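Biologist: I would like a close look at one single part of this protein, taken slowly enough for a first-year student to follow. Please work through that part step by step, and then set it in the chain around it.

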Amino acid sequence: MRKPHPPMPTPIECPEEIKAVLASLAIPTDLIAARSLVLHPEAQDLVVAATGEDGREYLLTPAAAAKWREMSAAALADGVVIRIGSAFRSVDRQAEIIRDKLAEGLSLEAVLCISAPPGYSEHHSGRAIDVTTDEGAPRARVREDQGVSLAVRERGPVRFRSLLSGGESARLRL
Ligand SMILES: [Zn+2]
């Protein structure tokens, strides 16, 4: 008996509004395809996870906000104060960030090395944060138990059991 073919993964079609934003920034859609970037729809259900000293509110999904509280408490128990550097970001805000960098004279290629195109930033999901400490951005590492450890400069690692890393540097997916 022949095995049925495995189902082909269905790529998420780039919505028209995202296409329009990309076009306004002169970001070619084939560049997105070439990089196999993942579309991240904007989260709808958001809560204030933290408020910065400047009064800026950092929004996350309720589940991610709960994880953040757990994580920052765990860090504090290790004697490290961690803060959110970036949390939920709208597609419009991402476009504004890119527009500002282009206005500063950076090439599109250079900008896209640092920032995801609008629609493709994990920050849209409300489940990704960038973490900072007084000592700068820590390095995040996924542990074998699928927890995350943040290597805080000079103070050694702070460990989080229940969090999954989004990958490089201190961008965490909650
Ligand atoms: Zn980020």
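Modeller: Helix 4 covers residues 91-103, and at 1.5 Å a residue its 13 residues should span 18 Å, which agrees with the 18 Å that separates its end C-alpha atoms. The model is a predicted one, and the values that follow are computed from it. Within helix 4 the buried residues are Val91, Gln94 and Ile98. Seen down the axis of the helix, these buried residues fall within an arc of 65 degrees, so they line one face of helix 4. The spacing can be understood from a general rule: an α-helix has 3.6 residues a turn, so residues three or four places apart point the same way. The face turned away from this buried side carries the exposed residues Asp92, Asp100 and Ala103. As for what the buried residues of helix 4 pack against, their partners are helix 1, residues 16-24, and helix 5, residues 108-114. Just after helix 4 comes glycine 105, which takes a positive phi of about 105 degrees.

Positive phi values also appear elsewhere in the chain, in residues that are not glycine. Most residues other than glycine have a negative phi. Alanine 26, however, has a positive phi of about 60 degrees although it is not a glycine, and it lies in the loop between helix 1 and helix 2. Alanine 26 is exposed, because 8 other C-beta atoms lie within 10 Å, where 12 or fewer counts as exposed. Serine 36, in the loop between helix 2 and strand 1, likewise has a positive phi, near 45 degrees. Serine 36 is exposed too, with 7 other C-beta atoms within 10 Å.

To set helix 4 in the whole, the protein chain has 5 helices and 9 strands, and buried residues make up 29% of its 174 residues. The largest nonpolar core has 19 residues, and those with the most contacts inside it are Ala49, Leu60, Trp68, Ile84, Ala87 and Ile129. At least two residues of this core come from each of several elements, namely strand 2, helix 3, strand 3, strand 4 and strand 6. Helix 3 supplies the largest share of the core, 5 residues. In general, nonpolar side chains in soluble globular proteins tend to be buried together. Finally, among contacts between residues at least 6 apart in sequence, 59% join residues at least 24 apart.

Technical notes. Residues numbered from 1 in each chain as written. Predicted model: local features only at pLDDT ≥ 70, side-chain atom pairs only at ≥ 80, totals over all residues. Helix = DSSP H or I, 4+ residues; strand = E, 2+ residues; numbered from the N terminus. Expected span 1.5 Å × (residues − 1). Buried ≥ 20, exposed ≤ 12 C-beta atoms within 10 Å, placed from the backbone. Arc of directions from axis to C-beta. Contact = placed C-beta atoms within 7 Å. Core = buried A, V, L, I, M, F, W, Y, C linked by C-beta atoms within 7 Å.
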